[in-house]
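Biologist: Could you walk me through a few parts of this protein? I would like the reasoning as well as the answers.

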Amino acid sequence: MTSSASASNASFGADLAAITMGIDDFERRINREAGLLDTEGLVPIYLGNDIVGPRHYENWWAVEDDLNELQQRLPSIIPPHRQLFATAMIRSLKIALRLFAGSSPSFEVKVRDLVGGQTGPVQPAIIDGLRDTLDTLLQRRGIVRGELSQRIAEWESSNFLEPTRIEGTYGELMAEGRRRTAERIFDCGDFTMALNPVRDVPYTARCSFNDGLMDLNVDNGFTRASLKHLVAHEVFPGHATQLLYTRARVDQGRAQPEVLLCTANSVLGCVQEGIADDGVALIDWLEDEDDMIHIELRRLRSAVQTSAAWYMMADGWEPDAVANYLREIAAGQEPWVQGRLRMAAHPFRGPFISSYWTGAVAVRQVRERTPAEAMPKFIEYLYANAHSPQSLALFQPGVA
């Protein structure tokens, strides 16, 4: 590669980050943090302001011009996985521009181009297979009476932590998650996040990284296994770890600046959520049958919520019918059911329901085909690069 091509390749990530953060800054300014994404913004958490700041924009046409200029540079970007990601990211940002400028792309377009997810509901055969697996696991535990949704609810309720035990269990899980993450992914030092109970919110948990808090919707009940999943998802080795890892690698010159956009509400969301949803497996934290049941239940609910959002927003199902589907097929707790309905109906966040399923499948498929001796290389590829599901799939353990 010539020196000019090398310089173009090296500067591309900084330009992509500057434009993306410029979109975030402009949207916040013109909407005074009361727009489509409220105070969250296009990039909810960004640790790179001292490395790459936002470009200043006064209209959306200037942003589109800059994205078109980036698009023209794509043929010079290497390696192939980076070019594939960048192509998807530019397409995703263009849909975000349309939304911020007042346009209303279809739900299908938003799922496909903004999120990078697979359009349509999850195949019923996949959902039936997940239910069959849960049926087998519950029978093994002696939970055999009633419809599957009733038996799932029986297993969950019988394992719910008493409210007074949640904080102590959370602290134990945080310590163990941090230890395992340091061994297998990245040493986050003494970083931790305090538990912050919240109510009447559309999510189950959230990484409030800048405040050092993991928000937990205590309207729901939690088993130890489900609380472990949330610690892995939001903190170790999920969102918080990814933020710390990407910043460290950029500081070391081992990653391109676009990885600092890892929390962007864009095509990046799929792999971000995939890392988080596969977190327990990434740090080898499956301890017992309850963990196995919860893993399968989590996969079922991820698939069902993806289908439910499609049925509601693309196929026109009434909310009551969608709620019944979530209850009957995924045995969802009522706060979760209502939260999924609220998220699905949101014009920007709604299509991102599909990111959990798409991302978890993408990460798990590559992890499962990677031999143990190549896992460190896979972890570096996964965390130190910005990815779409398609660029992640290019990983080859034997390729330098």
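Modeller: Happy to; what follows is a short round of questions on a helix, a sheet and a loop, and please keep in mind that the model is predicted.

Biologist: Let's start with helix H8, residues 224-234: how many of its residues are buried?

Modeller: A residue counts as buried when its relative accessible area is under 20%. In H8, the residues that meet this include Leu227, Leu230 and Val231, and also Lys228 and Glu234. The helix is largely enclosed by the rest of the structure, because the number of buried residues, out of eleven, is ten.

Biologist: At what angle do H7 and H8 pack, and is that oblique or roughly parallel?

Modeller: Two packed helices are described by the angle between their axes and the distance between the axes. For helix H7 (residues 163-184) and H8, the axes are 10 Å apart and the angle is about 50°. Angles under 35 degrees would count as roughly parallel, and 65 to 115 as roughly perpendicular. The angle of about 50° therefore makes H7, relative to H8, oblique.

Biologist: How do the residues of the contact of H7 with H8 divide into nonpolar, polar and charged?

Modeller: From H7 come Ile166, Thr169, Tyr170, Leu173 and Met174, which meet Arg224, Leu227, Lys228 and Val231 of H8. Sorted by type, these residues come to six nonpolar, one polar and two charged.

Biologist: Now the sheet: which strands are at its edges?

Modeller: The sheet is open and has three strands, in the order S1-S3-S2, with mixed pairing. An edge strand pairs on one side only, and that holds for S1 (194-198) and S2 (205-208). The edge strands are thus S1 and S2.

Biologist: How many bridges join S1 to S3, and which residue of S3 stands opposite Pro197?

Modeller: S1 and S3 (residues 213-217) run parallel, and the bridges that join them number five. Opposite Pro197, the residue in S3 is Leu216.

Biologist: Where does H8 lie relative to the sheet?

Modeller: H8 runs at about 140° to S3. The strands that H8 lies across are S2 and S3.

Biologist: One last residue, Ser266: is it buried or exposed?

Modeller: Ser266 sits in the loop between helix H9 (239-251) and helix H10 (268-277). Beyond its neighbours up to four places away in sequence, Ser266 touches Met89, Ser92, Leu114, Val115 and Phe352. Its C-alpha atom is 10.0 Å from that of Lys94, 172 residues away along the chain. Because its relative accessibility is 0%, Ser266 counts as buried.

Key:
Residues numbered from 1 in each chain as written. Predicted model: local features only at pLDDT ≥ 70, side-chain atom pairs only at ≥ 80, totals over all residues. Heavy atoms only, no water. Buried < 20%, exposed > 50% of the residue type's maximum accessible area, 1.4 Å probe, protein only. Helix = DSSP H or I, 4+ residues; strand = E, 2+ residues; numbered from the N terminus. Pairing = 2+ DSSP bridges. Contact = heavy atoms within 4.5 Å. Axes fitted to C-alpha atoms, helices over the stretch in contact; angles between N-to-C directions. Parallel < 35°, antiparallel > 145°, perpendicular 65-115°, else oblique. Nonpolar A, V, L, I, M, F, W, Y, C, P; charged D, E, K, R; others polar.
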